[in-house]
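Dear colleague,

Please find below the structure that I am handing over to you. My notes on it follow directly after.

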Amino acid sequence: MTVMRDTVVKSLARVTVQADENGLIPEYEVLVNLLPVALLNTFMERIMAAAPPERKAEVEAGLVRAAYECGYHTGCGIITSDIFNEVVLPMVTEGEKDILRGAYAAFTAWGWAKSGIVQLKEAEKMVIRAFDYYEADSGGDGLRGFMLRGLSQAFFDLAYADPYPDGMDTFVCHQTKGIEAGDPYGEFIVVKK
Amino acid sequence: MALRLEYSHDDETHRNFLNGQPVVMHSHHYLALITKLVEDLADMSAPEILRDAVEDTMRAVFDDYIAKNGLTSAQDRCNVGREYFSVFGLGKMVITGDENGGEIRLLRSHVDEGWVKKWGVHNKPINHFTCGYVAAMFGAAFNKPARSYVVTEVASIAAGDSEGKFIVKTS
């Protein structure tokens, strides 16, 4: 058996996070927040619009970095969490490949991106397609999947780079297609840095 | 007043909603790095961009809830923002004031505590996010247009204070 995506998505979609008496959500070894998508997209577009042409790459890199570090640290908490152990690990028969399949099912279930792996060469390359992701609604010019870029890079690092927390920045993710740019899906390619 | 919370999930897109608003989970790493990014881009007025983006988008969330629930008193309207703050996992606040301004005590703070977890105590306040949030809260409570309030962070958990403090004044 390998990871059955639909089963994982259905199981994880039922998981909701709730704040404690201090208004904090400690989960997956981090503090979680639950924010309106409009806030994240509005900030992203305004900061990109404010950047002069020669600094847009710097701003874009900062936004990807935020998602990357969030994905790397939170991702480690997710793939070692009770819920991941309970739902995904019993189906894992192909090691890191299946962990990654489970991770993209989790991305889908938790509303980050309706996404999955379409090509995977272990420890070398991964191609992701996303058919819905919140950054596609941002209304900006050009490719805007900064969050999924960061998350994809993070999870490939977690799967194939040195063990956590020493494997950061081993791989890099580029976006090659985007719903926001008129393509039917977003496409993201992870390769060695 | 206890905020009514309705969580829903779109089985086709798999997006999540809270009281009809699309929401998404991230961690303290994300907001700490966004905060650091705006600090690093201060010459581009990035802290102000973050504050204004938070004010405008949170205001829409508060106004939507207030309209749907027919809230009329300033206290109830203000409590929408205060209670949402905790629901979003952003921490816990105590509010005093009126339409001319006020003071917020931040007893717990996702942004500040996240910053400290990641980088340790900083040499100055960094919570631009909550400045924008508080401006939205006061605007919604007293039905004032955006940028009616100026919020200044005068004590900061990220900077080593035991709690955060924000002073609210009319602009």
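Which residue is the bridge partner of B:Ala155 in strand 7 of chain B? In this predicted model, B:Ala155 has B:Lys165 as its bridge partner in that strand. The pairing to which these notes turn next is that of strand 7 with its two partners. Strand 6 of chain B, residues 149–155, pairs with strand 7 of chain B in the antiparallel sense, over 6 bridges. Strand 5 of chain B, residues 101–109, is also joined to strand 7, residues 164–170, by 6 bridges, and these two strands run antiparallel. In that second pairing, B:Gly164 of strand 7 is the bridge partner of B:Leu106.

The sheet shared by the two chains

An open sheet of 5 strands takes in strands of both chains, in the order 1(A)-2(A)-3(B)-2(B)-1(B), and its pairing is antiparallel. Strand 1 of chain A (25–27) and strand 1 of chain B (7–9) stand at the edges; each has a single partner strand, so one side of each is left without a neighbour in the sheet. On average, neighbouring strands of this sheet are turned by 40° against each other, direction ignored.

Where do the two chains meet within the sheet? Strand 2 of chain A pairs with strand 3 of chain B in the antiparallel sense, over 5 bridges. One of the residues concerned is A:Pro36, whose bridge partner in strand 3 of chain B is B:Val23. Within chain B, strand 2 (residues 16–18) is joined to strand 3 (residues 21–27) by 3 bridges, and the two run antiparallel. There, B:Val23 of strand 3 is the bridge partner of B:Asn16. Helix 2 of chain A packs on the sheet, where it touches strand 2 of chain A (30–36) together with strand 3 of chain B; the direction of the helix makes about 85° with that of strand 2 of chain A.

The contact between the chains

In total, 46 residues of chain B are in contact with 43 residues of chain A. On the side of chain B that touches chain A, the elements giving two or more residues are strand 1, strand 2, strand 3, helix 1 (28–40), helix 2, helix 3 (74–87), strand 4 (91–98) and helix 4 (110–119) of chain B. Helix 2 of chain B gives the most to this side, with 10 residues. Sorted by class, the side of chain B that touches chain A has 25 nonpolar, 16 polar and 5 charged residues.

Helix 2 of chain B also packs against helix 2 of chain A. The axes of helix 2 of chain A (residues 37–50) and helix 2 of chain B (residues 46–69) are 9 Å apart, and the helices pack at an angle of about 145°. The crossing of helix 2 of chain A with helix 2 of chain B is right-handed. From chain A, the residues that meet the other helix include A:Leu39, A:Phe43 and A:Ile47; from chain B, they include B:Ile49, B:Leu50 and B:Met58. By class, this helix contact has 12 nonpolar, 2 polar and 2 charged residues.

A cysteine in helix 3 of chain A

A:Cys70 lies in helix 3 of chain A, residues 56–79. Is A:Cys70 buried or exposed? It counts as buried, because A:Cys70 has 25 C-beta neighbours inside 10 Å and 20 or more are needed for that class. Leaving aside residues up to four places away in sequence, A:Cys70 touches B:His26, B:Ser27, B:His29 and B:Tyr30. The C-alpha atom of A:Cys70 is separated by 8.4 Å from that of A:Ala154, with the two positions 84 residues apart along the chain counted as their distance apart.

Backbone details

Three places in the loops may be of interest to you. A:Tyr164 and A:Pro165 are joined by a cis peptide bond, with omega of about 5°. A:Pro165 belongs to the loop between helix 6 (146–160) and strand 5 (171–177) of chain A.

In chain B, B:Ser45 is not a glycine, yet its phi is positive, at about 60°. B:Ser45 sits in the loop between helix 1 and helix 2 of chain B, and it counts as partly exposed because it has 14 C-beta neighbours inside 10 Å. B:Arg147, likewise not a glycine, has a positive phi of about 70°. The loop that holds B:Arg147 runs between helix 5 (128–142) and strand 6 of chain B. With 13 C-beta neighbours inside 10 Å, B:Arg147 is also counted as partly exposed.

With kind regards

Definitions and conventions
Residues numbered from 1 in each chain as written. Chains lettered and ligands numbered in written order. Predicted model: local features only at pLDDT ≥ 70, side-chain atom pairs only at ≥ 80, totals over all residues. Pairing = 2+ DSSP bridges. Helix = DSSP H or I, 4+ residues; strand = E, 2+ residues; numbered from the N terminus. Axes fitted to C-alpha atoms, helices over the stretch in contact; angles between N-to-C directions. Left-handed = near helix turned anticlockwise from the far one by under 90°. Contact = placed C-beta atoms within 7 Å. Nonpolar A, V, L, I, M, F, W, Y, C, P; charged D, E, K, R; others polar. Buried ≥ 20, exposed ≤ 12 C-beta atoms within 10 Å, placed from the backbone.
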